[in-house]
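Work through the exercises below with the model open. Each task is followed by its solution.

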Amino acid sequence: MTGIFISMEGPDGSGKTTQIELLKKYLNDKGYEIIITREPGGTVISEAVREIILNKEYTNMGYMTEALLYASARAQLVSEVIKPALEAGKAVISDRFVDSSAVYQGMARGLGVDTVYEINKFAIQKIMPDVTIHLDLPAKVGIGRKKEQAELDRMELETIEFHEQVAEGYRKLAALNPDRIYTIDATLPIDIIHNKIKNKIEELIG
Ligand code: TYD
């Protein structure tokens, strides 16, 4: 596999989308062909699964069902988009990947990180990001930003305690994977965050 795979992670409202757009421009200037994708979603089937997962009427969705649905959307995205792109030498930037499941379902929902990775083994076909950018943000700030932007979905409507567990979960996961996960304070100005990301990617691609 010759391409590069970058995932962007963090609590809701941490500014991933803005940073992905800036990173895309930078990698384009470097001559990479870029594929941008998001989870859950990124293919017609995965976007349909996203509609089910985030539908706020489905208040009784079981945690295991939720974890399996995220994994099923991911399975389709990996085989249809991510794997072929990496094999063709492209740069893939994904707005969330399997770490989101480790944190949201494994830690905040309490299913356990090992269980969640076990389920996802089928979905990811051994593909893991070369580098993961973790935008670290207090839960209250992130959810506050989301409320200003749009109607909240089923996950965003969770309690503040849940979102605090998510924010803390990411910090734990980053501490466990210091070689892959690079944490940045997401309360910093946009251009400063972008520069930090650029420097990190520069280390990777030289
Ligand atoms: P996202 O698309 O980042 O939300 P938005 O576009 O509204 O910013 O993610 C959707 C939600 O799904 C978000 O609350 C995080 C959650 N999620 C999980 O719980 N597990 C997962 O594996 C993924 C990919 C996302």
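A polar contact is a pair of N or O atoms within 3.5 Å; within protein, one must be able to donate a hydrogen and the other to accept it, and residues adjacent in sequence count only if both atoms are side-chain atoms. This is a predicted model: local features need pLDDT of at least 70, side-chain atom pairs count only at pLDDT 80 or more, and totals for chains, interfaces and linings use all residues. Residues are numbered from 1 along each chain as its sequence is written, and side-chain values use heavy atoms, with hydrogens and water left out.

**Exercise 1. Polar contacts**

Task: Find how far the ligand is from polar side-chain atoms of R74, S101 and Q105.

Solution:
- Start with R74: a side-chain N or O atom is 2.9 Å from a ligand oxygen.
- For S101, the distance from a side-chain N or O atom to a ligand oxygen is 2.5 Å.
- Q105 places a polar side-chain atom 2.8 Å from a nitrogen of the ligand.
- Now the cover: on its own the ligand has 550 Å² of accessible area (Shrake-Rupley, 1.4 Å probe). The protein covers 92% of that area.

**Exercise 2. The shell**

Task: Which element gives the largest share of the shell around the ligand?

Solution:
- List the elements that give two or more residues: α2 (44–54), α3 (63–87) and α4 (98–108). Helices are DSSP runs of H or I with at least four residues, and strands are runs of E with at least two.
- The largest share, four residues, comes from α4.
- Sort by type: five residues are nonpolar, three polar and nine charged. Asp, Glu, Lys and Arg count as charged.

**Exercise 3. An aromatic pair**

Task: Classify the F5 and F97 ring pair.

Solution:
- The whole structure holds three aromatic pairs (ring centres within 6.5 Å; planes under 30 degrees apart are stacked, over 60 edge-to-face, the rest tilted).
- The F5 and F97 centres are 5.0 Å apart with planes at 80°, so this pair is edge-to-face.
- F5 is in β1 (residues 4–9) and F97 in the loop between β3 (91–95) and α4, so the pair ties together parts 92 residues apart in sequence.

**Exercise 4. Backbone**

Task: Where does P40 lie?

Solution:
- P40 is in the loop between β2 (34–38) and α2.
- A cis peptide bond joins E39 to P40, with omega about -15°.
- Most peptide bonds are trans.

Key: Rings of Phe, Tyr and Trp (its six-membered ring) pair if their centres lie within 6.5 Å; planes under 30 degrees apart count as stacked, over 60 as edge-to-face and the rest as tilted.
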